[in-house]
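Subject: Handover of a structure, with notes on what was found

Dear colleague,

I am passing this structure on to you, and my notes follow directly below it. Please read them with the structure open beside you.

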Amino acid sequence: MNWISISFFLAIVGLTLVVTYIAAQRMSSAKDFYTAGGGLTGWQNGFAIAGDYLSAAAFLGVSGAIALTGFDGFFFSIGYVVANLVLLYVIAEPMRNLGKYTLADMLTARFNEKRVRGVAAGGTIIIVILYMIAQLVGAGALIKLLFGIDYWIAVLIVGVMMTTYVLFGGMTATSWVQIIKAVLLLFGTGLLAGLVFHKFGYSITHMFDTIAKDNGESFLIPGMKYSSSIDSISMMMALVLGTSGLPHILMRFFTVKDAKTARASISWATWITTIFFSLTIFLGFGALHFVGIESILAESKAGNTAAPLLAKYLGGEVLMSFISAVAFATILAVVSGLVLTGASAISHDIYAEIIKDGKLSAGQEVAAGRLGSIAIAILSIFLALFAQNLNVSFLVSFAFCIGASANLPVILYTIYWKDFNSTGTVAAIATGVLSCLILGAMGPNIWSESGHAIFTGAPLVDLAVPAIITIPLGFLAGFIGAKLGAKRHNTAEADSLYRTIRVKANTGARMC
């Protein structure tokens, strides 16, 4: 066992546990647990959002995807960056002004019905579990590479740690772990990219020419993985629109004091993610050239260990240990945020608001949140044990697809459509979630004739991510559902509430 690796890992773990201990001393209410008391500044929340956003899929999955599929792997990077603009200009301010702890809070500000809260919480839990599986798969591959520990043991280790942060430190601990992780990730990625750039004589054209000469022109143009233009468009739709529907990103808008700070948060996060994803092409092509596809596939069929293997080539065991420790911190930060989001859906939305009608003390709600954290962690760990051979970028892009198909339509309709109602809300979320799950289960990431997926056989739907179908379905279901429920909901009170919501969404003020 490599003692250098152990030292880096222990340093990361020790630092995050200290942060959790300090945060635990300051946590005294449900608001502290769920939203860090709403006291984060713009730059703090911006780094925390970036820490949430730059997941194992970003660091391990995207670099691996570029190494194995060239430009098609870079689609992930482009989509992630552009998505921030939608979040900044359309979603951030209304979400902060209307919500409290969760997406369901924002929706029930207009449609105060238990079925709306229930279906929103259910969609949140599904997205969180998919996203968490991706992180746990990345963690398992990483720790197995470094320490030779069995995959299932590595997943359990990460599961226990992520739950510890949430149980004792809540959102404050989670936010600072994400901030620390974002700084480390930027430094580690910049260091690797700089070393690769040096190897190619500080010439990006020389790097591209070398890749094309050694591996073929196909690595520099679209089509290796997404041979269909429709498939490429579908993937980009999921990535660009899906961020605005991810519950663990939306929840971060409640950790700041006002909409102005929420917008500043996204500005910071946009710059951070743009810098990071611009560097992933150096990591991917560097791994392709210096490590080689065969060596990458030998360690992980999905390519999830490309970045650590590149670090080993460039800087030996020391650099690989540092980069792996940074990747480990990345996973810990993201999964802790996901656990907290899933726990809020279970404890706040389902238990406190639906079952107990909002009649819980702050202490009882925090206790329920902790139990919800344990439940989400156990379920995610169990499912991750069966997903070892999936590329983590695919899993995350699928979560993005559900966010874009189920949550984004209801957010936009709730804010901007006067005739929208609770029937449309339930129809849109249910259709978006189910269509993604059903079509995804029929797709090439689940079925493959070559045996590179979970099952062997021809896919019935030839789309890696079916967003081009499911996003229109989500919007259409919301529209039809609202029309079908129009007679039930068409009242003067509903019209007055919509006007109040529009004012509050754009200004944060209530109408008298």
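Does Lys 312 count as buried, partly exposed or exposed? At 40% relative accessibility, Lys 312 counts as partly exposed, where buried means under 20% relative accessible area, exposed means over 50%, and partly exposed lies in between (1.4 Å probe, protein chains only).

Before going further, please keep in mind that this is a predicted model, in which local features need pLDDT of at least 70 and side-chain atom pairs count only at pLDDT 80 or more, while totals for chains, interfaces and linings use all residues. Residues are numbered from 1 along each chain as its sequence is written, and side-chain values use heavy atoms, with hydrogens and water left out.

Salt bridges

Side chains of opposite charge can pair when their charged atoms come close. With a salt bridge taken as a side-chain nitrogen of Lys or Arg within 4 Å of a carboxyl oxygen of Asp or Glu, the count comes to 7 salt bridges. One of them joins Asp 349 to Arg 117, with the closest N and O atoms 2.7 Å apart. Because Asp 349 lies in helix H14 and Arg 117 in helix H7 (residues 114-147), this pair ties together parts that are 232 residues apart in sequence; helices here are DSSP runs (H or I, at least four residues), numbered from the N terminus. Asp 349 is buried at 2% relative accessibility, and Arg 117 is buried as well, at 8%. Asp 105, Arg 117 and Asp 349 are linked in a network of salt bridges.

Lys 312, with which these notes began, meets Glu 317 in a salt bridge of 3.6 Å, N to O, and Glu 317 is partly exposed, with a relative accessible area of 34%. Another salt bridge, of 3.9 Å, N to O, is formed by Lys 418 and Asp 419; Lys 418 is partly exposed at 41%, and Asp 419 is partly exposed at 42%.

Cavities

Rolling a probe the size of a water molecule over the atoms shows where empty space is left. A cavity is a set of points, on a 1 Å grid over the protein atoms alone, where a 1.4 Å probe fits but cannot get out, and its lining residues have an atom within 4 Å of a point. A search of the whole structure finds 2 cavities of 30 Å³ or more, and the largest has a volume of about 50 Å³, a volume being the space filled by probe spheres set on the points, which are joined across faces, edges and corners. Among the residues that line the largest cavity are Tyr 101, Thr 124, Met 251 and Asp 349. Helix H14 supplies the largest share of this lining, 3 residues, and helix H11 (247-250) also gives at least two.

Helices H3 and H15, and the loops before them

Helix H3 has 12 residues, of which 11 are buried, so it is largely enclosed by the rest of the structure. The end C-alpha atoms of H3 are 16 Å apart, in agreement with the 16 Å expected, the expected span being 1.5 Å times one less than the number of residues. In the loop between helix H2 (30-35) and helix H3 (42-53) is Ala 36, which has a positive phi of about 55° although it is not a glycine. Ala 36 is buried, at 13%, whereas Gly 39, placed in the loop between H2 and H3, counts as exposed at 53%.

Asp 357 has a positive phi of about 55° and is not a glycine either; its place is in the loop between helix H14 (306-355) and helix H15 (362-384), and at 43% it counts as partly exposed. The 23 residues of H15 should span 33 Å, which agrees with the 33 Å between its end C-alpha atoms. Buried residues in H15 include Glu 365, Gly 369, Ile 376 and Ala 384.

A nonpolar surface patch

Trp 152, Ile 153, Leu 156, Ile 157, Leu 379, Phe 382, Leu 383, Leu 385 and Phe 386 form a nonpolar patch on the surface, with about 800 Å² of accessible area together. Patches are made of residues with over 30% relative accessible area and no salt bridge, like charges being joined within 9 Å and nonpolar side chains (Val, Leu, Ile, Met, Phe, Trp, Tyr) within 5 Å; accessible areas come from the Shrake-Rupley method with a 1.4 Å probe, and for residues only the protein chains shown count as cover. Helix H8 (151-199) and H15 each give two or more residues to the patch, and the largest share, 4 residues, comes from H8. Leu 379, placed in helix H15, counts as partly exposed at 39%.

With kind regards

Notes:
1 Å grid on protein atoms, 1.4 Å probe; cavity = no way out; pocket = protein on both sides within 12 Å on 5 of 7 lines; lining within 4 Å.
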